[in-house]
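Subject: Structure handover and findings

Hello,

Here is the structure I promised to pass on. Please open it alongside this email, and my notes follow below.

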Amino acid sequence: MLNSTIPVKLKPTADMSVEEIKELILYHLRYTQAQSREIASVRDWRKAVSKAVQDLLINRLIATQSAHRKAEAKRVYYLSLEFLMGRLLSNNLWNAGVHDKVAEALGELGQDFEILREDESDMGLGNGGLGRLAACFLDSMATLDLPAVGYGIRYEFGLFRQEFVNGNQVEHPDDWLRYGNVWEIIRPEYAQTIPIYGEVQSVFDDKGRYRPKWINTRDVIGVPYDIPIAGYGTQTVNFLRLWESRASEDLDLNAFNQGGYVEAVQQKNLSETISKVLYPNDKTENGKELRLVQQYFFVACSLRDIMRRYKREYKGWEQFPDKVAVQLNDTHPAVAVPELMRMLHDEEGQDWDQAWGLVTRVFSYTNHTLLPEALERWSVPLFAKVLPRHLQIIFEINKRHLRDVEAKWPGDGDKQRDLSLVEEGHVQHLRMAHLCVVASHSVNGVAALHTELLKKHLFADFHALYPKKLNNKTNGITPRRWLLACNPELASLITEKIGDGWPRDLDRLKKLEAFADDKAFRKQFMAIKHRNKERLAEIIREECDLEVDPSALFDVQIKRLHEYKRQHLNLMHILYLYQKLLQDPDFDMAPRVFIFGAKAAPGYELAKTIIKAINAVGRVINHDERVNKKLKVVFLPNYRVSLAARIIPAADLSEQISTAGKEASGTGNMKLSLNGALTIGTLDGANIEIKESVGDENIFIFGKTVDEVEALWAEGYNPQTIYDSNDTVRMLLEWIGSDFFTPGEHNALLSIKQSLLDHGDPFLVLADFDAYVAAQAEVDKAFKDKDRWARMAILNTARVGMFSSDRTIRQYNEDIWNLKPVKVKI
């Protein structure tokens, strides 16, 4: 009998036997969870298993940090306001190399591993692709043995938990920390004190030099929590450091003793609000202020931590760019630029040119959007209130930058205006993307088309000013989470056919091409897909009280709800099919289940109306016995990483239908294709590179190209013309604009029709509708040919090896960071 009453004398390693793993789990069940086997809950067992795995990771983490110090390694610091980590247990088991042993140990202990895994909360510290990309990158950095640290915020509440009430999105707090986070390690010894607000005093030092002093500030404490990040097939364990805000003084004891109990903790509550919620609503001035404070808090804590680590190991600042690389993930961390300048110039005594020389060699910036409205801007009055010294620094950076603009284009006032870091107007605004471009030695896009459009449009003048600065790094995904962990049956089949090296070298999937015409392999491949669909059908039954047929085509669109992603184009096609079936019951189409997963930003009313519309249309179709054997619509609530891991292996068709020129890259397209889903999409973002990889015959491309979109707008696009001339479009818009799908709720969906007609159809839904319907007809035809579809699915999996985030990170390192990998030995 296993003895769990005494501390185990084990050094946790991947070589542990199943018996030793059982002993370690039981030890943590008793001494960490304080529970006996007889009464332990699923949560107790899950936490005990997680702690056992974490023991192994911590050994590697300590060895990794020691190896980095001994090697005097240059590190990359990845600053991101979002890290959409999801659940960590399964991924950590695979990356630690003990997945199968732990599953066996749990079975022998009488525990169901699947039930334990489902108990874990998602670390939902992100909104969408930006945060999930950051999580994939951390995985790849560790797998490639690159010295790296991620920095972000330990939000008490994630984005939000989504519920549908009468088809409407209702937001609830995402209390992911309710039962604690078993993976985190608190590091109070590395807490940082961060000043905000205050004013700038003009002072001069003893040599008569101007030395502005930031005074009368309010201090906030940043306390770090570390999440170990394990590499796959290596001993390296890096970490993600998340900052929690706390008050510099928890209690005003004088106020408390005088009976002012609320006032006594007011400062504490205000300070702790900073890390309370991911993306506070910024429609109010208070919301805007909180977001700015939140961004500054996290970069200031991170930069102080970076400086602390550097000073511990080196003297002087000459080596700083040789030991430190800072990657800005979008514009959210942009205030890091003036903060580092302030630290070097004001606190460390560097003169301006020396400090700026260090800053511009340390920072690099990734742009993630082509939408001008998504580029961050801060009003000067707000910035002056929160960060008065930083505003002075940005004005000085801008003054010197505009000298370079003048030198390049003498007397050109338009260029000065367009390239200035300050946007003039009734209220001046700071352009944070411009600041990132000026201060960074590298600026990259995230797909080939995206980067070309940055050079041609968004940053065209900057590209002329800095012709070598802009470059492309096409996004990628980690195959460890998005195939090995989420689709274990398919992963096992692949390993059986081509060996076990593919999770570290995804290009090896190319060997699967040899099996695309193998009938036995096609049967195995599609049988796995069918079982995944059965599992998803069970989730749909539980979540939506709806029966769906796993043999139907599972048509999937899972992504943030935004007009440019065009979920409403998908909806129009659903209505088109519904009308066809009503008017012709014998209409020949393969049974299809449309599956949506998406959250809309709380303040984005049209996006929330589109959710309402999909749910309303789905409710009618799903209860219409005339059509519901051929057509069903599912909107799974509370889309998140763990739900994506269930949907993606079960998908037949991947909807990537954004307006050409609007999607920077996309990564859901890569995950779905890797798992054998075929793409229907526009020539946008990474769809272009997926098309080049899988072949024209294995993807369904439709719609206007970027050039055709630009030409259409130049000609003067008028959606009313399509409405007047296209009977189908006109009928569908009238249908959705009526109360047919929302009886008793007058004009509930009218804003969708208005956006497509009265507001000019800004994302060309009507312009691409006919082409989309035609492409969907080709999808239907292909799906009916089971052998053809199986071959296409296999070739999608076989040919998307280039979309591994390992490839992306190698390119970042070779072209931007220049780190030397450090092999860790235990």
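Which helix does Leu133 lie in? Leu133 is part of helix 6, which covers residues 129-143. One caution before the rest: this is a predicted model.

**Leu133 and Asp145**

Leu133 is buried, because its relative accessibility is 2%, and buried means under 20%. Leaving out residues up to four places away in sequence, Leu133 touches His368, Asn475, Gly476 and Thr667. I also checked one distant pair. Leu133 and Asp758 are separated by 625 residues in sequence. Their C-alpha atoms are 36 Å apart in space.

Asp145 sits in the loop between helix 6 and strand 4 (148-153). Asp145 has a relative accessibility of 3%, so this residue counts as buried. The phi of Asp145 is positive, near 60°. That deserves a look, because most residues other than glycine have a negative phi.

**Other positive phi values**

Leu764 is another residue with a positive phi, near 55°. Its place is the loop between helix 31 (750-756) and helix 32 (765-784). Is Leu764 buried or exposed? It is buried, because its relative accessibility is 1%.

Glu72 follows helix 2. Its phi is positive too, near 50°.

**Helix 2**

Helix 2 runs over residues 42-70, which makes 29 residues. How far apart are its end C-alpha atoms? They are 42 Å apart. At 1.5 Å a residue, helix 2 should span 42 Å, so the model agrees with the expected value.

**Two buried polar side chains**

Gln327 is found in strand 13 (residues 324-329). Its relative accessibility is 0%, so Gln327 counts as buried. The side chain of Gln327 makes a polar contact of 2.8 Å with the side chain of Thr366. Beyond its neighbours within four places in sequence, Gln327 is in contact with a list of residues that includes Tyr77, Tyr78 and Leu79. Ser364, Tyr365 and Thr366 are also among them. So are Asn444, Tyr812, Ile816 and Trp817.

His450 belongs to helix 18 (residues 448-458). With a relative accessible area of 1%, His450 is buried. Which side chain makes a polar contact with the side chain of His450? It is that of Asn367, at 2.9 Å. Not counting residues up to four places away in sequence, His450 touches Asn367, His368, Thr369, Leu370, Gly445 and Ala664. Note that His368 is touched by His450 and by Leu133.

**Cavities**

How many cavities of 30 Å³ or more does a search of the whole structure find? It finds six.

The largest cavity holds about 140 Å³ of space. It is lined by 14 residues, and the closest to its centre are Arg46, Ser121, Trp176, Gly180 and Asn181. Helix 2 gives the largest share of this lining, with three residues. By class, the lining has five nonpolar, three polar and six charged residues.

The second largest cavity holds about 110 Å³. Its lining has 13 residues, and Met85, Leu88, Asn91, Asp139 and Ile229 are the closest to its centre. Helix 3, helix 6 and strand 11 (218-230) each supply at least two lining residues. This lining divides into six nonpolar, four polar and three charged residues.

**The second largest pocket**

The second largest pocket has a volume of about 740 Å³. It is lined by 34 residues, and the closest to its centre are Trp94, Arg117, Ala485, Cys486 and Pro488. Several elements give two or more residues to the lining. Among them are helix 3 (89-96), helix 4 (99-108) and helix 5 (113-119). Helix 20 (479-485), helix 21 (488-498), helix 22 (519-544) and helix 25 (641-647) do so as well. Which helix gives the largest share? Helix 21 does, with five residues. The lining has 13 nonpolar, nine polar and 12 charged residues.

**Where to look**

On a quick pass, open the side-chain pairs Gln327 with Thr366 and His450 with Asn367. Then turn to the positive phi values at Glu72, Asp145 and Leu764.

Best wishes

Methods
Residues numbered from 1 in each chain as written. Predicted model: local features only at pLDDT ≥ 70, side-chain atom pairs only at ≥ 80, totals over all residues. Heavy atoms only, no water. Helix = DSSP H or I, 4+ residues; strand = E, 2+ residues; numbered from the N terminus. Buried < 20%, exposed > 50% of the residue type's maximum accessible area, 1.4 Å probe, protein only. Polar contact = N/O pair within 3.5 Å; in protein donor to acceptor, adjacent residues only side chain to side chain. Contact = heavy atoms within 4.5 Å. 1 Å grid on protein atoms, 1.4 Å probe; cavity = no way out; pocket = protein on both sides within 12 Å on 5 of 7 lines; lining within 4 Å. Points joined across faces, edges and corners; volume = space filled by probe spheres on them. Nonpolar A, V, L, I, M, F, W, Y, C, P; charged D, E, K, R; others polar. Expected span 1.5 Å × (residues − 1).
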